[in-house]
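Subject: Structure handover

Hello,

Please find the structure below. My notes on it follow.

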Amino acid sequence: MRTDFFQNRHIGPREKDIQPMLETCGVSSINELIDKTIPDNIRLHKELNLPPAMSEQEFTAHILDLENHNREFKTYIGLGYHPTVMPGVIQRNILENPGWYTAYTPYQAEISQGRLEALLNYQTMISDLTGLELTNASLLDEGTAAAEAMIMLYNTRSRAQKKAGGLNFFVSDTLFPQTLAVLKTRSNPLGINLIIDSHENIQFDESYFGAIIQYPAEDGKIYDYTDFVAKAKAKDVNIIVAADLMSLALLKPPGEWGADVVIGSTQRFGIPMSYGGPAAAYFSTTEKFKRNIPGRIIGLTKDADGKPALRMALQTREQHIKREKATSNICTAQVLLAVMSGMYGVYHGPEGIKYIANHVHDLTRLLDTKLQKLGIEQINETYFDTLKVKVNDTAKIKALAEKNEINFRIIDKETLGISLHEITKKEDVDEICRILAKSENIAVPAASDTKLSNVIPVALKRTSDFMTHEVFNLYHSETEMMRYIKKLENRDLALNHSMISLGSCTMKLNSATSMIPMSWHSWGDIHPFAPKDQAKGYEIALIGLAEALNEITGFAATSLQPNSGAQGEYAGLMVIRAYLESIGQSDRSVVLIPASAHGTNPASAVMAGYDVLVVNTTGEGNIDVEDLKKKATAHKDTLAAMMITYPSTHGVFEASVKEITQIIHDNGGLVYMDGANMNAQVGLTNPALIGADVCHLNLHKTFAIPHGGGGPGVGPICCTKDLAPFLPGNPLVKTGGEKAITAISSAPYGSALVTIISYAYIKMLGAEGLKRSTEIAILNANYLKSILSKDYNILYTGEKGFVGHEMIVDFREFKNRGIEVVDVAKRLMDYGFHAPTVSFPVHGTLMVEPTESENKKELDTFAAALSQIKKEIMAQEHETGNSILKNAPHTQEMIVKTNWSYPYSREEAVFPMEYIRENKFWPFVRRVDEAYGDRHLVCSCNPIEDYID
């Protein structure tokens, strides 16, 4: 075996195993399998034009070379991004630990209690700091959080506001510019009018439903919003506050002075700037919005023994259930980053957070005082960490500062913004003063005692306690913190334990080599609004990735800005919207979506201002072409687009796909392809070949960014040359097309840091390895299908009897024995496996996607587990609720109890097969009570005994 060939490390099956696997599938070669799986008229009959594959050692040298093209300056730009210190114990034990970063979204609560507790800690920390009762488990970035808050208030307008045509939303003129850009994008298709003005001037009436203000303001000033809040409340206008989280350790929390929603970024809590992301955005609100809050919420419930347990609450709001009636398309969040920020709070505790906040604030006061002594005007009378400084010539200062490897924010020709941070030292304050003095031709006076002024008004100083729960006051030594993190990790099943064959999720290898740069300062410490010549390494990698994705998809241009798959969907639809407007066809408002589509598709379409029309599927699971023709023809004057997933959500390469896309084009529409299943296309076909005009890709699926327990994700869009001019821009950094739509995400390149992982994946596999990965993904799926079909019905296949990269296994036949598919999902935990996707896209089924990274032994083990479960289904009575499946999963605590009143042995419960003895995974809780958790919604760390009888 070649040890310098990454393909051999990424792909699971060994060469000796491939022929027996093919024979099990009933074919003689990989080529025959692919010929029988993918329609010939969409096959790619040339190799991808990509550079030769690098070895892992060559890539490491390459990325080190690119790192040296980045220039780490001291940055005082601010605008929501700040240098910070990630504690080593968090870096080593979470960021660099596959037990945390390879886990999936915690839908299976019994094997996710560790990250659920970590997220509950995060929610508690945010609620305490903001002064509001309810916090979600993170959003994508501050701009997205602001937009989600605006839309939540829009969707919950009072009857009087709707009757009065209340579409006005006030935006403070001191809001971060990148947040304003995202608000512009999201408000336009919904007909929301943004009224941008000073909060001191605005006069509310019945036409307003909401307002957003920045605290402290984008220039650093702290405003007392008391009068503004009173004016808003008098007209039933709800208020969003975009708040600096670190400042809330010292400032009166918005929840105490009338805010209805508080949003912002947790980047300051130990997360690198990373050229813009990823970092978790927070979203806090009041109890009255608990049924409307976007994203996921972690809540308390109990398990089958009445033991406290955690779960994702209110899951009935998810898009796959509500579809076009969903109020948000949020699917992925920033779980890994939220966990890390929450652990930053756990490690430092309230006193540590106050110390850091005071450190930042005191140094800012010191700088202010020293500037006054120099005779340099500082405008802000009140501030936390940011000064607004008047000078003669900011261009001169910029040149001098950059010569000293320092970045300031240039506001205009005579005004600087200077934001200090956790890493700033007194010596840095002196250095700033020297640069400003030299530029202004002022002599620096001799050092003297400096008395600092009180600049936070008494009425705006925080007096309330925060983070009082014991979790924030126990783990302040590294030893204790390390053990706490390990304790939580042990409660979760991740890819470092066994295969996670979640259909439509592509849980493949996240290679260590591609992950290593995530910890390097030269990638992490770049501000997103720093001059581009300081981020040359990023520029080379981002351009290289975009060009590779163009080649893989067959398209002309790529935007890396969308920082989740759902954001990619929305971005693609907004680009289509802009294009249609540019050619005078803005009346096209209908989007056709197959009944089998992922729920984010219709949710995204509605958010982009379209009317959704559902296209039927046939009994074989394919798009009903006749129904499509009828609906496309009937709406030919208003048809904007069709959204399709390929291979379909049913895991099949539909032979009629080119006919489908042609029907749409013939009737004046464009085709959007959801890239969720791109892992079955790379190197064998592509979106352009099937007739799509734009697609999004999930870099956290096909291109190996880890799922992180529910984020980060990246959802770039790729498109034709006609759509390329409309790719999204940014108000502070030139990105996107010549006619760019306004921003989709806060940062110019979204979650730039983690795109390096996908860049590594493509560089190390090359054209041959990418194609081979797709072939083996299809082989693994068909091999599993061939084995599982002996015990279970596989719902859908292509015309020649093969599946793409995933399959749907039907368990509905066992309902007459009292068994639901969820019973099988929970029993799989006892066998050491995370369940495949449950009841999507077909109720009562499991959707299985093994990926190319799993070897034959793991596939055989999984198949044997499901075969054994079939025997258990048939051997026992389940209607009474006291069977091995109904009681699953089985915990250690359950097994060691003296009283054992079940009609099967302890050994059958926890060691049903011999392999489990070698590497047993123990679920931490028994089956959770979903309904109880929703009826008794508790989403912060209150004492457990308060909620469990």
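H4 and H25 are oblique to each other, because their angle falls in none of the other classes (under 35 degrees is roughly parallel, over 145 roughly antiparallel, 65 to 115 roughly perpendicular, and the rest oblique). Helix H4 (56–67) and helix H25 (residues 752–788) pack at an angle of about 135°, and their axes are 10 Å apart. Axes here are lines fitted to C-alpha atoms, for helices over the stretch in contact, and angles run from 0 to 180 degrees between N-to-C directions. Helices (H or I, at least four residues) and strands (E, at least two) are DSSP runs, numbered from the N terminus.

This is a predicted model, in which local features need pLDDT of at least 70 and side-chain atom pairs count only at pLDDT 80 or more, while totals for chains, interfaces and linings use all residues. Residues are numbered from 1 along each chain as its sequence is written, and side-chain values use heavy atoms, with hydrogens and water left out.

The crossing of H4 and H25 is right-handed (the near helix is turned clockwise from the far one by less than a right angle; anticlockwise would be left-handed). On the H4 side the contact (heavy atoms within 4.5 Å) is made by Glu-56, Phe-59, His-62, Ile-63 and Leu-66, and on the H25 side by Ile-756, Tyr-759, Ala-760, Lys-763 and Met-764. By class, these residues are seven nonpolar, one polar and two charged. The classes are nonpolar for Ala, Val, Leu, Ile, Met, Phe, Trp, Tyr, Cys and Pro, charged for Asp, Glu, Lys and Arg, and polar for the others, Gly among them. An α-helix has 3.6 residues a turn, so residues three or four places apart point the same way.

Two serines belong with these helices. Ser-55 is in the loop between helix H3 (30–37) and H4. Ser-55 counts as buried because its relative accessibility is 8%; buried means under 20% relative accessible area, exposed over 50%, and partly exposed in between (1.4 Å probe, protein chains only). Leaving out residues up to four places away in sequence, Ser-55 touches Asp-4 and Met-764. Ser-786 lies in H25 and is buried at 15% relative accessibility. Beyond its neighbours within four places in sequence, Ser-786 is in contact with Thr-24 and Cys-25.

Next, the sheets. One open sheet has seven strands in the order S2-S8-S7-S6-S5-S3-S4, with mixed pairing (two strands pair if DSSP finds at least two bridges between them). Strand S2 (134–135) and S4 stand at the edges with a single partner strand each, so one side of each has no neighbour in the sheet. H10 packs on this sheet, where it touches S3, S4 and S5, and its direction makes about 155° with that of S4. Helix H11 (residues 226–234) also packs on the sheet, touching S3, S5 and strand S6 (238–243), at about 145° to S6.

Helix H10 (residues 177–187) has nine of its eleven residues buried. The cover over those buried residues includes helix H8 (142–155), strand S3 (168–172), strand S4 (193–197), strand S5 (208–215), helix H20 (565–582) and helix H21 (600–607).

S3 and S5 run parallel, joined by four bridges, and Phe-170 stands opposite Ala-211 in S5. S6 and S7 are paired in the parallel sense over three bridges, with Val-262 in S7 as the bridge partner of Val-241. Between S7 and strand S8 (residues 281–285) the pairing is antiparallel, over five bridges; there Ser-265 has Ala-281 in S8 as its bridge partner.

In strand S7 (residues 261–265), five of five residues are buried. Val-261, Ile-263 and Ser-265 are on one side, Val-262 and Gly-264 on the other, and both faces are covered.

Tyr-122, in helix H7 (residues 113–130), is buried at a relative accessible area of 0%. Its contacts beyond four places in sequence include Thr-266, Ala-281 and Tyr-282. Tyr-122 and Tyr-344 are 222 residues apart in sequence but 9.4 Å apart in space, C-alpha to C-alpha.

A further open sheet of seven strands, also mixed, has the order S14-S20-S19-S18-S17-S15-S16. Strand S14 (557–559) and strand S16 (611–615) are its edge strands, each pairing on one side only.

Regards
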